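I opened a new page for this structure. I wanted to see what could be looked up before reading anything else about it.

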Amino acid sequence: MEWQPIETAPKDGTVVLLAGCRKPVAAAWLEDEIDWWHVDDNKRGPFALRGPGPTHWMPMPPPPAEPHQEQPT
C-alpha cells in the first residue's frame, strides 16, 4: 500500500487513511447537501474534517490476525 493522490480516492463511503491534513486520519467521503470528508468518533456521530484538506490517501490496512489459541488436550 502506498499513498495516492487525493483526486483518486474512493467517494463511495469507503473508510480510507488520509494524509496532508493536520495528522493522518481515517475518514470517508460523505455526499449530502455538501460533499465532504467526515470522521466518525463513535460518540457524537460524523463530523467534518477540519483544517487543511487532505492531499493523499491509502486503503485501510487489514486488521491484525487473531492470536492463535492452543486447544486444550
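The entries below go from the whole chain down to single residues.

**Entry 1: the model.** I noted at the start that this is a predicted model.

**Entry 2: the chain.** I looked up the secondary structure and found six strands and zero helices. Along the sequence I read the pattern as β-β-β-β-β-β. I then checked burial: of the 73 residues in the protein chain, 23% count as buried. For the accessible surface of the protein chain I got about 5800 Å², and carbon and sulfur atoms hold 55% of that.

**Entry 3: contacts along the sequence.** I took the contacts with a separation of 6 or more and asked what share joins residues 24 or more positions apart. I wrote down 50%.

**Entry 4: aromatic rings.** How many aromatic pairs does a search of the whole structure find? I found one. Trp29 and Trp37 form the pair, with ring centres 5.3 Å apart. Their planes stand at 75 degrees, and planes over 60 degrees apart count as edge-to-face, so I entered the pair under that heading. I also looked up burial for the two residues, and both Trp29 and Trp37 are buried.

**Entry 5: His38.** I placed His38 in strand S4. Is His38 buried or exposed? Its relative accessible area is 14%, and the cut-off for buried is under 20%, so I put His38 down as buried. I next listed its contacts, leaving aside neighbours within four places in sequence. His38 touches Ala27, Ala28, Trp29 and Leu30, and also Pro46, Phe47 and Leu49. One of these, Trp29, I had already met in the aromatic pair.

**Entry 6: Val39.** Strand S4 covers residues 35–40, and Val39 lies in it. Val39 has a relative accessible area of 11%; this is under 20%, so Val39 is buried. I then compared positions in sequence and in space. Val39 and Leu49 are ten residues apart along the chain, and their C-alpha atoms are separated by 6.4 Å.

**Entry 7: the largest pocket.** I looked up the volume of the largest pocket and got about 180 Å³. Which residues line it? I listed Cys21, Arg22, Lys23, Val25, Val39, Phe47, Ala48, Leu49 and Arg50. Val39 and Leu49 from the previous entry are both in this list. Phe47 is there too, and I had noted Phe47 as a contact of His38. Sorted by class, the lining has six nonpolar and three charged residues, with no polar ones.

Note on methods. Residues are numbered from 1 along each chain as its sequence is written. This is a predicted model: local features need pLDDT of at least 70, side-chain atom pairs count only at pLDDT 80 or more; totals for chains, interfaces and linings use all residues. Side-chain values use heavy atoms; hydrogens and water are left out. On a 1 Å grid over the protein atoms alone, a cavity is a set of points where a 1.4 Å probe fits but cannot get out, and a pocket is an open set with protein on both sides within 12 Å along at least five of seven lines; lining residues have an atom within 4 Å of a point. Grid points are joined across faces, edges and corners, and a volume is the space filled by probe spheres set on the points. Ala, Val, Leu, Ile, Met, Phe, Trp, Tyr, Cys and Pro count as nonpolar, Asp, Glu, Lys and Arg as charged, and the others, Gly among them, as polar. Helices (H or I, at least four residues) and strands (E, at least two) are DSSP runs, numbered from the N terminus. Buried means under 20% relative accessible area, exposed over 50%, partly exposed in between (1.4 Å probe, protein chains only). Contact means heavy atoms within 4.5 Å. Accessible areas come from the Shrake-Rupley method with a 1.4 Å probe; for residues, only the protein chains shown count as cover. Rings of Phe, Tyr and Trp (its six-membered ring) pair if their centres lie within 6.5 Å; planes under 30 degrees apart count as stacked, over 60 as edge-to-face and the rest as tilted.
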